[in-house]
Amino acid sequence: MTEIFNRMIQENITPNSYYVLHSIKENTVPKNFVNKELECRRLQTEGWLTEDLQLTSKSIIFIEELNGFFTRTSKKVSKDLMGADFSQKIQEYLDIFPNRKLSSGRYAKTNPKNLESAFKWFFNTYDYSWDLILEATEKYVGDYAMKNYDFMRTSQYFIRKQAIDKSFESELANYCELIRTEPDVDDIYFKEDVV
């Protein structure tokens with residue numbers, strides 16, 4: 001963030017002025033707390049806007065440069081959220097799933113890049129360690145192995161699946177919580193003998 005403000009200072013542009021530039025680029029109207037007329041006059045005087053309030057090439061280049069800071073920041077988020085060895089952990093997670101097609105017609109294993117995105121959401125939403133995640137995943141896959149993997153979710157849907165109401169649910173979080181609260185409880189299976 002400091003880099004962004006330093007660039008704005010170098011270009012002699014205020015956050016409000018940048019907000020107006022960004023609003024023009026996105027075809028939105030700035031909120032009332034910004035004096036649009038004052039900012040537009042200032043931006044026109046300094047060559048950021050044309051007379052008819054269009055972005056100049058100087059402003060387009062500057063906006064793209066600042067957007068680049070946000071793109072780089074989002075790449076750092078994976079390591080910050082999931083730890084430096086997140087790629088290795090994702091592969092360990094993936095290795096727990098069987099290498100086969102499920103009854104849904106989808107393969108149990110999903111591309112690691114898709115899993116990275118799902119795990120970003122998971123780590124933003126929940127507070128579980130990789131050890132607990134891997135243990136919960138082993139339990140989940142083990143439970144479904146006894147049922148020939150019928151109705152098991154894919155490695156991606158186990159982390160995050162969108163519900164009908166557009167919210168997200170996580171079966172992984174449910175299993176993590178189950179292990180966290182009752183780590184020594186084994187499932188008891190009852191069979192009914194038909195004579």
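The following exercises, with worked solutions, concern a predicted model of a protein chain.

**Exercise 1. Determine how many helices and strands the protein chain has, and in which order they occur.**

Step 1. A count of the secondary-structure elements gives nine helices and two strands.

Step 2. Along the sequence, these elements are arranged as α-α-α-α-α-α-α-α-β-β-α.

**Exercise 2. Compare the radius of gyration of the protein chain with the value from the globule rule.**

Step 1. For 195 residues, the globule rule gives 16 Å.

Step 2. The radius of gyration computed for the protein chain is 25 Å, which is well over that value; the chain is therefore more spread out than a compact globule.

Step 3. The box filled by the C-alpha atoms along the principal axes is roughly 90 × 35 × 30 Å.

Step 4. Of the 195 residues, 34% are buried.

Step 5. Considering contacts between residues at least 6 apart in sequence, 62% link residues at least 24 apart.

**Exercise 3. Characterise the accessible surface and the charged side chains of the protein chain.**

Step 1. The accessible surface amounts to about 12,900 Å², and carbon and sulfur atoms contribute 51% of this area.

Step 2. The protein chain carries 26 positive and 31 negative side chains.

Step 3. A distance of 6 Å separates the centres of these two sets.

**Exercise 4. Establish where Arg 7 is located, whether Arg 7 counts as buried or exposed, and which residues Arg 7 touches beyond four places in sequence.**

Step 1. Arg 7 belongs to helix H1, which comprises residues 2-10.

Step 2. The relative accessibility of Arg 7 is 15%. The cut-off for a buried residue is under 20%, so Arg 7 counts as buried.

Step 3. When residues up to four places away in sequence are left out, Arg 7 is in contact with Phe 62, Glu 65, Leu 66 and Phe 69.

Step 4. Within this set, Glu 65 lies 58 residues from Arg 7 along the chain, and the C-alpha atoms of the pair are 9.4 Å apart.

Step 5. The side chains of Arg 7 and Glu 65 are joined by a polar contact of 2.5 Å.

How values were computed: Residues are numbered from 1 along each chain as its sequence is written. This is a predicted model: local features need pLDDT of at least 70, side-chain atom pairs count only at pLDDT 80 or more; totals for chains, interfaces and linings use all residues. Side-chain values use heavy atoms; hydrogens and water are left out. Helices (H or I, at least four residues) and strands (E, at least two) are DSSP runs, numbered from the N terminus. Buried means under 20% relative accessible area, exposed over 50%, partly exposed in between (1.4 Å probe, protein chains only). Contact means heavy atoms within 4.5 Å. The radius of gyration is taken over C-alpha atoms; the globule rule is 2.2 Å times the number of residues to the power 0.38. Accessible areas come from the Shrake-Rupley method with a 1.4 Å probe; for residues, only the protein chains shown count as cover. Lys and Arg count as positive and Asp and Glu as negative; His and the chain ends are not counted. The place of a charge is taken as NZ of Lys, CZ of Arg, CG of Asp or CD of Glu. A polar contact is a pair of N or O atoms within 3.5 Å; within protein, one must be able to donate a hydrogen and the other to accept it, and residues adjacent in sequence count only if both atoms are side-chain atoms.
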